[in-house]
Amino acid sequence: MATMFKRSFRSRDRAGKTVKASKRSYREEVKLKMQQKMESPPVGSTLTSPIITLVVGREARLFACHEDVLSLSPFFAAALKGQFYESTSKKVVLPDEEPEVFSSVLEYLYKGDYYPRLLHDKRRNTWQLEDASDGSGRGSVESTVYHNGVGGVLLKDSVIYCTAEKFGLDELKRLALRKQGLQIGISVDVILRTARYAYENTPDQDAKLRAHFLALIIRSRKIFKRSGTMQNEMEIGGSKLFFDLFTAMSNHIDDIVEMTNNRSPKTI
């Protein structure tokens, strides 16, 4: 049975007892930024641009989106003019994308957020997930998604982050990363599988999601060092994840040694 990780990704956001919160949606500020980018009517109004059909995934699921909304993504703005676009049928084919993830991307493009929405508790100055599973704004019924290309379950927000990276949607990346930090109860094998996926689908210069997983593993090292899954993953290798993990842990040890030496000079 897989070891379960029961802490949140970011402990500093841990909420106390449940109180009635004063909330606002994250999507309001994002929605305003999106509207400023559009020359057509604002998001949420009656849009008049052509409808683009999108054929997504191995099962060729069909989605529809207004051209001006889709063009908020630099990827699609280029695709509508390039080889991925069938101009006669106004169709874009995306065989490598996951329909469930792509649905969340479209929801974000229209609404500035995707389910479960991110809500702000003004009283405690913390962020919460809509319909959270544990009553404190953490955990989600939609925390994972099966990825056909990987052949396994991944953390959904991390996949959305990587998809946003591909589509050039920086605000969506920030939103997905914040939501990922509110997830709890994730098994070690899903975390490691998703970390590998993150390394394979983000550039080296975009270290935010990668650092997120490194900090998580180091913070929960007692759980991971007892995990047979962690041992197997390290023996398999083939990912920069484990060298970065070694470097991060070495830096952590160096910091501890430096602080100790400042108090009582000695070496390790």
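How many aromatic pairs does a search of the whole structure find? The search finds seven aromatic pairs. The model examined in this report is a predicted one.

## Aromatic pairs and the phenylalanine cluster

Ring pairs join Phe63, Phe75, Phe76, Phe102 and Phe167 into a cluster. One of the aromatic pairs is formed by Phe75 and Phe76, whose ring centres are 5.1 Å apart. Their planes stand at 90°, so this pair is edge-to-face. The two residues fall in separate accessibility classes: Phe75 has 21% relative accessibility and counts as partly exposed, whereas Phe76, at 1%, counts as buried.

Phe75 also pairs with Phe167, with ring centres 4.9 Å apart and planes at 35°, so the pair is tilted. This pair links distant parts of the chain, since Phe75 belongs to helix α3 (residues 74-79) and Phe167 to helix α5, 92 residues apart. Phe167 has a relative accessible area of 1% and is therefore buried.

## Packing of helices α5 and α8

Helix α5 (residues 156-167) packs with helix α8 (residues 208-219) at an angle of about 155°, and their axes are 11 Å apart. Angles over 145 degrees count as roughly antiparallel, and α5 and α8 are therefore roughly antiparallel to each other. On the α5 side, the contact is made by Ser158, Tyr161 and Cys162; on the α8 side, it is made by Lys208, Leu209 and Phe213. Of these contact residues, four are nonpolar, one is polar and one is charged.

Tyr161 of this contact can also be placed relative to Gln180. The C-alpha atoms of Gln180 and Tyr161 are separated by 9.3 Å, with their positions 19 residues apart along the chain. Gln180 is located in helix α6 (residues 170-180). With 1% relative accessibility, Gln180 counts as buried.

## Cysteines

How many disulfides does the structure hold? The structure holds zero disulfides. Cys162, one of the α5 residues in contact with α8, has a relative accessible area of 4% and is therefore buried. Cys65 has a relative accessibility of 0%, so Cys65 also counts as buried.

## Surroundings of Tyr114 and the cis peptide bond

The loop between α4 and β7 contains Tyr114. Is Tyr114 buried or exposed? Its relative accessibility is 1%, so Tyr114 counts as buried. Leaving aside residues up to four places away in sequence, Tyr114 touches Ser104, Glu107, Asp157, Ile160, Leu172, Leu175, Ala176 and Lys179. For one of these, Leu172, the C-alpha atom is separated from that of Tyr114 by 9.4 Å, although the two residues are 58 residues apart along the chain.

Pro116 lies in the loop between α4 (99-111) and β7 (118-121). A cis peptide bond joins Tyr115 to Pro116, with omega at about -5°. Most peptide bonds are trans.

## Residues with positive phi

Most residues other than glycine have a negative phi. Ala60 has a positive phi, near 55°. Ala60 is placed in the loop between β3 (51-56) and β4 (61-66). With a relative accessible area of 39%, Ala60 is partly exposed, because that class covers the values between the 20% limit for buried and the 50% limit for exposed.

Asn125 likewise has a positive phi, near 55°. Its place is in the loop between β7 and β8 (126-129). The relative accessible area of Asn125 is 59%, so this residue is exposed.

## Surroundings of His147

Strand β9 (residues 144-147) includes His147. Which residues does His147 touch, not counting residues up to four places away in sequence? The contacts are with Glu98, Gly152, Leu154, Val159 and Tyr197. At 7% relative accessibility, His147 falls under the 20% limit and therefore counts as buried.

Note on methods:
Residues numbered from 1 in each chain as written. Predicted model: local features only at pLDDT ≥ 70, side-chain atom pairs only at ≥ 80, totals over all residues. Heavy atoms only, no water. Axes fitted to C-alpha atoms, helices over the stretch in contact; angles between N-to-C directions. Helix = DSSP H or I, 4+ residues; strand = E, 2+ residues; numbered from the N terminus. Parallel < 35°, antiparallel > 145°, perpendicular 65-115°, else oblique. Contact = heavy atoms within 4.5 Å. Nonpolar A, V, L, I, M, F, W, Y, C, P; charged D, E, K, R; others polar. Disulfide = S-S within 2.5 Å. Buried < 20%, exposed > 50% of the residue type's maximum accessible area, 1.4 Å probe, protein only. Phe/Tyr/Trp six-rings, centres within 6.5 Å; stacked < 30°, edge-to-face > 60°.
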